[in-house]
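Let's take a friendly walk through this fold, strand by strand and helix by helix. Please keep the viewer open as you read.

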Amino acid sequence: MPITEIYGPDDFAARPQGKVITSPHAAPARTVSALPTPSLEWTEDVERATAPLYERVKHVIPPIEWPLMAPTIHAISELKRARNAVILAHNYQAPEIFHCVADIGGDSLQLAVEATKVKAGIIVQCGVHFMAETSKLLNPEKTVLIPDSLAGCSLAASITGADVRLLREKFPGVPVVAYVNTSAEVKAEVDICCTSSNAVQVVESLNAPTVIFLPDRYLATYVASKTDVKIIAWKGACEVHERFKGEELRAYREADPSVQIIAHPECPPDVLAEADFTGSTAHMINWVRNKRPRRLVMITECSMADNVRAELPDVEMLRPCNLCPHMKRITLANILQSLLTLGEEVTIDPELAVRARRSVERMINLKN
Ligand code: SF4
């Protein structure tokens, strides 16, 4: 059913004006037991210790760059042990982080859920701020660190908790679904969360004729095309995925009719219309593993194509990808710093956390 109603910040006269900040909860670095600053020299020991890691990324990181990265990667491994820490990395992190320092990689929900199963007391989240918040929601007793708390997200920044309350006033009794790409403040105001993998299932689980779905207008459009539930959307968008154009994909297809195209549902409808497969990051990766296409156009953030190519070098990737500037705020250097100083710690107001956690857990507990 096509979307007929879509709202945004300009549609509410009562909305407080001003810039939306999505990373206000990171606490300053604490005073912690000092650890010696590690040596970052390229030595024979470092070369030997990191050789198995280079094997994983040799198809995407040139040999000339490895001596510049390997000492920091080695130092991070040592510090992880000393701090009893675990590193979670989103699929959009650069290969030297995703394949070489992360203990767990995946999409935001996979990361948070997996984190509940680890024994380490410290989680370093290599991703953006809402992901670190989700990890903190599901692991309240653990210390969650983000190497750069300014790693935001255009989707999370598009809506506030006050916006959700205004939507509820306008549509009393209509349930609200929030994509996980939202702040804890927004999650606290909604009925249930969803990911791009389970969005249709979550919407239909509410057994309501109409659902407010926020904040991604394109994911909302995709969901609306798959269900009879009427969707009221919000005008948010991912600044990475909304830049793709259907015409650029048609050009790839004309150049090589055998090329396979897969796209993330945060893309506009004219892009999805050109795709052979549409799915979340986790579903896209599984699709490539199963199908092993000869030549592939992966319509999502650039680093995911690198990470898949590192694992499956026989798949030729064509690269009309876009970088996420927020994801790229996380670097080997600030991961190292985070482990040394235990900064920046993600904290969430306890009362708000109870309500936000309920929305996330309601989604996790949905039967498949
Ligand atoms: S890729 Fe898009 S949705 Fe993901 S963090 Fe970047 S801006 Fe947000």
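Strand β7 (residues 176-179) and strand β9 pair in the parallel sense over 3 bridges, where pairing requires that DSSP finds at least two bridges between two strands. Helices and strands here are DSSP runs numbered from the N terminus, with H or I over at least four residues for a helix and E over at least two for a strand. You are looking at a predicted model, in which local features need pLDDT of at least 70, side-chain atom pairs count only at pLDDT 80 or more, and totals for chains, interfaces and linings use all residues. Residues are numbered from 1 along each chain as its sequence is written.

Within the pairing of β7 and β9, V176 stands opposite I212 of β9, and A178 has L214 of β9 as its bridge partner. On to the next pairing: β9 and strand β10 (residues 230-234) run parallel and are joined by 4 bridges, with V211 facing its bridge partner I231 in β10. Strand β9 (residues 210-214) is mostly covered, since 4 of its 5 residues are buried; a residue counts as buried if 20 or more other C-beta atoms, placed from the backbone, lie within 10 Å of its own, as exposed if 12 or fewer do, and as partly exposed in between.

Now zoom out to the sheet. It is an open one of 5 strands in the order β1-β10-β9-β7-β8, with parallel pairing. The edges belong to β1 (5-7) and β8 (192-194), which each have a single partner strand, so one side of each is left without a neighbour in the sheet. On average, neighbouring strands are turned by 30° against each other, direction ignored.

Which helices lie across this sheet? Helix α9 lies across β1, β7, β9 and β10, running at about 170° to β10, while α15 lies across β7 and β8 at about 60° to β8. Axes are lines fitted to C-alpha atoms, for helices over the stretch in contact, and angles run from 0 to 180 degrees between N-to-C directions. Helix α9 (residues 217-224) also joins β9 and β10 in a right-handed β-α-β unit, right-handed meaning that, with the strands pointing away from the viewer, the path from the first strand over the helix to the second runs clockwise.

Follow α15 (residues 350-364) to another helix: its axis and that of α5 (residues 129-138) come within 9 Å and cross at roughly 95°. That makes α5 roughly perpendicular to α15, a label for angles of 65 to 115 degrees. At this crossing, T134, L137 and L138 of α5 meet A353, A356, R357 and V360 of α15, where contact means C-beta atoms, placed from the backbone, within 7 Å.

A second parallel pairing region is worth a visit. Strand β11 (residues 260-263) is joined to β13 by 4 parallel bridges, and Q260 has L296 of β13 as its bridge partner. L296 also stands opposite M317 in β14, as β13 and strand β14 (residues 316-318) pair in the parallel sense over 3 bridges. Helix α13 (residues 302-311) completes a right-handed β-α-β unit with β13 and β14. Because 4 of the 5 residues of β13 (residues 295-299) are buried, this strand is largely enclosed by the rest of the structure.

Finally, helix α14 (residues 332-341) has the buried residues L332, I335, L336, S338, L339 and L340. Their cover includes α2 (66-83), β3 (85-90), α3 (95-98), β5 (122-126) and β6 (143-145).

How values were computed. Parallel < 35°, antiparallel > 145°, perpendicular 65-115°, else oblique. Contact = placed C-beta atoms within 7 Å.
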